[in-house]
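This report describes one model, chain by chain, for a reader who has not seen it before. The sequence and the structure come first.

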Amino acid sequence: MSDDFLSRLREEPRPEFAERLGERLHEIDAQSRERRVAPSPWRRFVPALAGAGLVAALALAFTLEPVRAAAREFLDLFRVKRFAAVPVDPQRLERLAKSGLDFKSLVADQVQVVVAPGKPEVVASPEAGAVAAGITAQQPSVLPQRTELVETTLGRPGTFRVQVDTGKLEALALAAGADEIEIPAFWNGATIDVEMPPVLAMRYARTVDVGDGRLPREDSFLLFQSATPQVELPEGFDLAILGRLGLRLAGMSAEEALSFSRAIDWRATFLVPVPVQGGTFREVEVSGQKGLLVTIQPPAKAAPDGTSRPPRPRALLLWSTADKVFAIQGPGTRDGVEILEMAQSIR
Amino acid sequence: MDGVRILEWLAPAVPAAAVDWDAVYREEMPRVFSYFRYRGFERATAEDLTSATFEKAWRARVRYRQDRAAVSTWLLAIARNAAIDHLRRSRPAVPLDEASLRDEETPETAALREVQSRRLQALLAALPERERELLALKYGAGATNRAIATITGLGESNVGTILHRTIGALRARWDEGGRQ
C-alpha cells in the first residue's frame with residue numbers, strides 16, 4: 001500500500017526561523033554561564049579539588065562500587081590543601097545497599113552534570129596538553145626503571161551542580177545510624193557548583209618479563225595534574241556536618257566521626273577513602289608539601305586453573321601545591337617508593 | 001589499557017557520551033517542526049512550538065540519558081507534550097472543510113501542491129486524536145514504530161496495526177477525493 005501521499009505535508013522550516021532559534025539556544029547557554037560566573041552576594045568561591053574527578057576517582061579505583069558511588073559524590077565538597085585518609089569498610093556499604101539503601105537515588109541523583117567533561121583525548125605532547133589545559137606541564141626528571149612516556153591525554157573540563165535535598169541526607173543519616181547528625185533545614189534546595197578544570201595525564205610505562213613462559217606485562221605509572229578546581233558553596237554551609245555523615249556511612253562510630261571531624265579543617269582537607277581490608281596509607285613529603293601515599297592490596301582472585309594468586313599491589317600518591325593538584329598512580333611495588341621518587345623529581 | 005580505564009574515572013556520573021547538540025539541532029529541528037505541521041498546527045504555531053520544544057530540551061539536555069532513549073525519541077516526547085499543552089490551552093485547530101477546497105482553482109504547480117497539502121491537512125484533522133498523533137510521529141517526524149511506541153506508551157505491534165489501518169482508510173479517502 002503506497003503511502004506517498006502522506007508526505008505531501010512535509011515542508012522545511014524557514015531558514016531564518018532555523019537560524020534565529022539556533023542563536024536563541026546559544027543565548028540560553030551564554031545566560032546560564034553568566035549566572036554561574038557572577039558571584040551572588042550570598043555565595044563565595046572556595047578553591048578546592050573536584051573530588052568527583054581526579055583524586056577520588058583514582059583512589060576509589062581500588063574499592064568496591066558502593067564505596068566509589070558514595071565517596072565520589074561527597075568528596076566534591078572538600079577543599080584541598082592537604083589530604084587525609086579515611087578507612088572505609090566497603091562491606092558495610094554493601095550491606096547498607098543490600099538492606100535497601102539506594103545510593104543512586106539518595107546521593108548520585110543530587111548531582112547534576114551541567115557540562116559533561118567528555119572522554120579524555122590523546123594529545124601530541126605534555127606541552128600541547130598543558131596549553132589546552134591552561135597550566136604549565138610539570139614533568140619528573142626521575143622515572144621508575146626502564147619506563148618512558150608513552151601517552152599524554154587531556155581530560156576536558158566539566159561542571160557539576162549538587163542540589164542539596166535534606167530529605168535524602170536525612171535518609172542517609174538514618175541508614176547510617178547517625179541520628180546525632182542534624183541536617184540544617186535551610187540547606188534544602190541549596191546548590192553547590194563544582195567547576196572541574198582540564199586534567200593533564202601522562203602515562204609512563206615499561207615492559208616487565210615475568211618468566212615462566214608467560215607473556216610480559218606492562219607496568220604503567222600515571223601522573224595527573226590540574227589547576228585547582230572551584231567549588232562554590234552557599235554561605236553558612238557547614239561542610240563538617242556533611243563530612244561527619246560521610247564518615248558515619250564509611251563505618252566510623254559517632255565518637256570517632258566527631259573526633260576526626262574536630263581534628264581536620266574541612267575546607268582544606270580532601271578525604272581519600274582507603275578500604276580497611278588491604279589498604280594502607282602514610283603521610284609523605286613531596287617537594288615541601290604534605291602528601292598522602294596509599295597502597296592497596298586487591299583481594300586474590302581464583303585463576304582458571306584453580307590456583308589463587310594475589311594481584312600486584314597498587315599505589316596512589318596525592319599532593320597539592322598552591323595552585324595545582326597532583327596524583328600518581330601505579331604499581332605498589334617497593335612500598336610505593338618508585339612513585340615517591342618520581343614525584344619528588346617533578347619540576 | 002590501564003591508563004584509559006583509570007582516565008575514564010575522571011568523568012563521573014556522566015549519563016551518556018557527550019552529544020553534539022548543535023548537530024542534533026540541525027538534524028532534528030526540521031523533523032520536530034514537521035511533526036507539529038502534521039499535528040495540524042499552522043506554520044506560525046508550529047514554529048512557536050518547535051522553539052518551545054528545543055528551548056526546553058536545550059536547558060534540560062544535561063539530564064538526557066542516551067542509554068534510555070535515542071535523542072530523537074527524547075525530543076519527540078518533549079514535542080508531544082508541548083503539543084498536548086498547547087491544545088489544552090487553546091482550541092484545537094479547526095479542521096479545514098475538505099469539500100470547500102476541492103473547488104479551489106490552482107493553475108500553478110505550487111498552488112496545486114498547496115491544495116494537496118491542505119487536503120491532506122483536512123483528512124488528518126478528521127482523524128481521531130490517537131491516529132493523528134501516530135501519523136504525525138511517523139510521517140511528520142519520521143519516527144520508527146519502536147520510537148513511537150516508546151513515546152506514546154502503546155505496544156510496537158499495536159502502533160503498526162493502527163498505522164496500517166489508518167493509512168488504508170486515508171488512502172481510500174485520498175483516492176476518492178482525487179476522482180471527484
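Helices (H or I, at least four residues) and strands (E, at least two) are DSSP runs, numbered from the N terminus. The model is a predicted one, in which local features need pLDDT of at least 70, side-chain atom pairs count only at pLDDT 80 or more, and totals for chains, interfaces and linings use all residues. Residues are numbered from 1 along each chain as its sequence is written, while chains are lettered from A and ligands numbered from 1 in the order in which they are written.

**The two chains**

Chain A has 10 helices and 17 strands. Chain B has nine helices and zero strands, and its pattern along the sequence is α-α-α-α-α-α-α-α-α. The table uses two terms. A residue is buried if 20 or more other C-beta atoms lie within 10 Å of its own, exposed if 12 or fewer, and partly exposed in between, with C-beta atoms placed from the backbone. Two residues are in contact if their C-beta atoms, placed in that way, lie within 7 Å.

| Chain | Residues | Buried | Share of contacts with a separation of 6 or more that join residues 24 or more positions apart |
|---|---|---|---|
| Chain A | 347 residues | 40% | 73% |
| Chain B | 180 residues | 34% | 69% |

**Confidence**

The predictor's confidence in each residue, from 0 to 100, is the pLDDT. Chain A averages 76, and 79% of its residues score at least 70. Within chain A, the mean is lowest in strand 1 (residues 43–47), at 29, and highest in helix 10, at 91. Over residues 34–78 of chain A the pLDDT is below 50, and this stretch has 138 contacts in the model beyond near neighbours in sequence. Where pLDDT is low, the predicted coordinates should not be read in detail.

**The eight-stranded sheet**

Two strands pair if DSSP finds at least two bridges between them. In chain A, eight strands make an open antiparallel sheet in the order 4-5-8-9-17-16-13-12. Strand 4 (121–123) and strand 12 (279–286) of chain A each have a single partner strand, so one side of each is left without a neighbour in the sheet. Direction ignored, neighbouring strands of the sheet are turned by 20 degrees against each other on average. Angles run from 0 to 180 degrees between N-to-C directions, and axes are lines fitted to C-alpha atoms, for helices over the stretch in contact. Helix 10 (residues 337–344) of chain A packs on this sheet and touches strands 9, 12, 13, 16 and 17 of chain A. The direction of helix 10 makes about 25 degrees with that of strand 16 of chain A.

Strand 12 and strand 13 (residues 289–296) of chain A pair over eight bridges, in the antiparallel sense. Arg282(A) has Leu293(A) in strand 13 as its bridge partner.

**Strands 6 and 7**

Strand 6 (residues 158–163) and strand 7 of chain A run antiparallel and are joined by six bridges. Phe160(A) stands opposite Val194(A) in strand 7. Which residues of strand 7 (residues 191–196) of chain A point to one face and are buried? They are Ile192(A), Val194(A) and Met196(A), while Thr191(A), Asp193(A) and Glu195(A) point to the other face and are not buried.

The loop between helix 7 (166–175) and strand 7 of chain A holds Gly177(A). Gly177(A) counts as exposed because it has 12 C-beta neighbours inside 10 Å.

**Nonpolar cores**

A nonpolar core is a set of buried Ala, Val, Leu, Ile, Met, Phe, Trp, Tyr and Cys residues joined through C-beta atoms within 7 Å. The largest has 57 residues, and among those touching the most other members are Ala173(A), Leu245(A) and Val294(A). Apart from it lies another core, of 41 residues, including Leu9(A), Phe41(B), Leu137(B) and Ile151(B).
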